[in-house]
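Subject: Structure handover

Hello,

Here is the structure I said I would pass on. My notes on it follow below.

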Amino acid sequence: LSALSAGRPWVKERVRGLSENRRIVIGALEAALGKGSVLGGSGAIYLMARLPVEDDFRVVVWLTDKHRVCVIPGSACGAPGMVRVCYANLEVERCR
């Protein structure tokens, strides 16, 4: 409802940044985890990233504690060994 009250210009600005955020996040994940490690992103505002370890929950705890990064364990989404990374609701500059 907030988007409706904010109006079309606000919505357009948010949507415009999504493709750039997606590009930035995919690039960062593939640089860290390798090509082919990222799935999704077409029609959704999140990606799934395959981890080099099975314990996705432990990786989520480490990312949160050490780097203040919030991701969802893939095991919570039926995809153990992966993390779910949302690229929406970030300003492009903060995403970089």
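Which helix holds Cys95? Cys95 is found in helix α4, which covers residues 92-95. Please keep in mind throughout that this is a predicted model.

**Overall layout**

The chain has 4 helices and 4 strands. Read from the N terminus, the elements follow the order α-α-β-β-α-β-β-α. The C-alpha trace spans about 45 × 25 × 25 Å along its principal axes. Of the 96 residues in the chain, 29% are buried. The exposed area of the chain is about 6,900 Å², and carbon and sulfur atoms supply 56% of that area. There are 14 positive and 9 negative side chains, with the centres of the two sets 6 Å apart. Taking contacts between residues at least 6 apart in sequence, 49% join residues at least 24 apart.

**The sheet**

The 4 strands form an open sheet in the order β1-β2-β4-β3, and the pairing is antiparallel. The edge strands, each pairing on one side only, are β1 (38-40) and β3 (72-73).

Strands β1 and β2 are joined as a hairpin with 5 residues between them. Their antiparallel pairing runs over 3 bridges, and Leu39 stands opposite Met48 in β2. In the turn of this hairpin, Gly41 has a positive phi of about 100°.

Strand β2 (residues 46-50) also pairs with strand β4 (residues 82-86), in the antiparallel sense and over 5 bridges. Two residue pairs can be looked up here: Leu47 stands opposite Val85 in β4, and Ala49 has Val83 in β4 as its bridge partner.

Helix α2 (residues 8-33) packs on the sheet, where it touches β1, β2 and β4. The direction of helix α2 makes about 5° with that of β2.

**Helix α2 and the C-terminal part**

Is Asn21, a residue of helix α2, buried or exposed? Asn21 counts as buried because its relative accessibility is 1%, and the cut-off for buried is under 20%. Leaving aside residues up to four places away in sequence, Asn21 touches Tyr87, Leu90, Glu91, Val92 and Cys95.

That list leads back to Cys95. With a relative accessibility of 14%, Cys95 also counts as buried. With the residues up to four places away again left out, Cys95 touches Asn21, Ile24, Val25 and Leu90. Leu90 therefore appears among the contacts of Asn21 and among those of Cys95, where contact means heavy atoms within 4.5 Å. Cys95 and Arg22 are 73 residues apart in sequence, while their C-alpha atoms are 9.3 Å apart in space.

**One loop residue**

Where is Arg68 found? Arg68 is in the loop between α3 (56-67) and β3. Its phi is near 55°, a positive value in a residue other than glycine. Most residues other than glycine have a negative phi. Arg68 counts as exposed because its relative accessibility is 78%, and exposed means over 50%.

**Where to look**

If you want a starting point, open the sheet at β2, which pairs with β1 and with β4. Then turn to helix α2, which packs on the sheet, and to the contact between Asn21 and Cys95.

Regards

Notes. Residues are numbered from 1 along each chain as its sequence is written. This is a predicted model: local features need pLDDT of at least 70, side-chain atom pairs count only at pLDDT 80 or more; totals for chains, interfaces and linings use all residues. Side-chain values use heavy atoms; hydrogens and water are left out. Buried means under 20% relative accessible area, exposed over 50%, partly exposed in between (1.4 Å probe, protein chains only). Accessible areas come from the Shrake-Rupley method with a 1.4 Å probe; for residues, only the protein chains shown count as cover. Lys and Arg count as positive and Asp and Glu as negative; His and the chain ends are not counted. The place of a charge is taken as NZ of Lys, CZ of Arg, CG of Asp or CD of Glu. Two strands pair if DSSP finds at least two bridges between them. Axes are lines fitted to C-alpha atoms, for helices over the stretch in contact, and angles run from 0 to 180 degrees between N-to-C directions.
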